[in-house]
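Morning, everyone. Please have a look at the sequence and the structure before I start.

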Amino acid sequence: SDPQDGLGRKPSKRGFGVEFGEDVTAEFLRTNGLRLIIRSHELKEDGYDVQHGGTLITIFSAPNYCGRMGNKGAFLRLDAGSLTPKITVFDAACPGGSTAPLPS
């Protein structure tokens, strides 16, 4: 399932699961005593996306997905004391240390 900008739930554009809005995220966090959802498995052009008022972060760690998407990758670390997320974004690395799209 994937987050959406609207409210509520609706069938996913990807053909399976549902899309859920900020109200669904807020209810899930409240019910489970959480402050943040960190998720993955959805391509993000910049390697990550923060939605629903900062309460939901999507991380996509595969830069230049399938060797042709041109997207960045990202990973997230939580500060040990405050649990504040710190996101690091990176490009695909090619032999020789340069960054460029991988050959198709």
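What is the strand order in the open sheet of 3 strands? The order is β1-β3-β2, and the pairing is mixed. Bear in mind that this is a predicted model.

Look at the edges of that sheet. β1, residues 2-3, and β2, residues 9-11, each have a single partner strand, so one side of each is left without a neighbour in the sheet. β1 and β3 run parallel, joined by 2 bridges. β3 covers residues 18-20. Within β3, Glu19 stands opposite Asp2.

Next, the core. The largest nonpolar core has 5 residues: Phe20, Val24, Leu29, Ile37 and Leu56. In general, nonpolar side chains tend to be buried together in soluble globular proteins. Take Leu29. Leaving out residues up to four places away in sequence, Leu29 touches Leu34, Arg35, Leu36, Ile37 and Thr55. Ile37, then, is both a contact of Leu29 and a fellow member of that core.

Now the charges. How many salt bridges does a search of the whole structure find? The search gives 9. I will take three pairs.

Pair one is Arg30 with Glu27, closest N and O atoms 2.9 Å apart. Both residues sit in helix α1, residues 22-32. They are 3 residues apart, about one turn of the helix. Arg30 is exposed, because its relative accessibility is 56% and the cut-off for exposed is over 50%. Glu27 is partly exposed at 40%.

Pair two is Lys44 with Glu42. Here the closest N and O atoms are 3.6 Å apart. Are these two buried or exposed? Lys44 is buried, at 12% relative accessible area. Glu42 is buried as well, at 15%. Both residues also belong to a network of salt bridges, which links Asp2, Arg14, Arg39, Glu42, Lys44 and Asp49. So Asp2 comes up again: opposite Glu19 in the sheet, and in this network.

Pair three is Asp91 with Lys72, at 2.8 Å between the closest N and O atoms. Asp91 lies in the segment after β8, and Lys72 in the loop between β6 and β7, so the pair ties together parts that are 19 residues apart in sequence. Asp91 is partly exposed at 38%. Lys72 is partly exposed at 30%.

Last, the surface. Ile38, Leu78 and Leu83 form a nonpolar patch there, with about 260 Å² of accessible area together. Leu78 belongs to strand β7, residues 73-78. Its relative accessible area is 42%, which counts as partly exposed.

That's my tour. Over to you.

Key
Residues numbered from 1 in each chain as written. Predicted model: local features only at pLDDT ≥ 70, side-chain atom pairs only at ≥ 80, totals over all residues. Heavy atoms only, no water. Patch = residues over 30% accessible without salt bridge, like charges linked within 9 Å, V, L, I, M, F, W, Y side chains within 5 Å. Areas by Shrake-Rupley, 256 points an atom, 1.4 Å probe, with all protein chains shown as cover. Salt bridge = Lys/Arg side-chain N within 4 Å of Asp/Glu carboxyl O. Helix = DSSP H or I, 4+ residues; strand = E, 2+ residues; numbered from the N terminus. Buried < 20%, exposed > 50% of the residue type's maximum accessible area, 1.4 Å probe, protein only. Pairing = 2+ DSSP bridges. Core = buried A, V, L, I, M, F, W, Y, C linked by side-chain atoms within 4.5 Å. Contact = heavy atoms within 4.5 Å.
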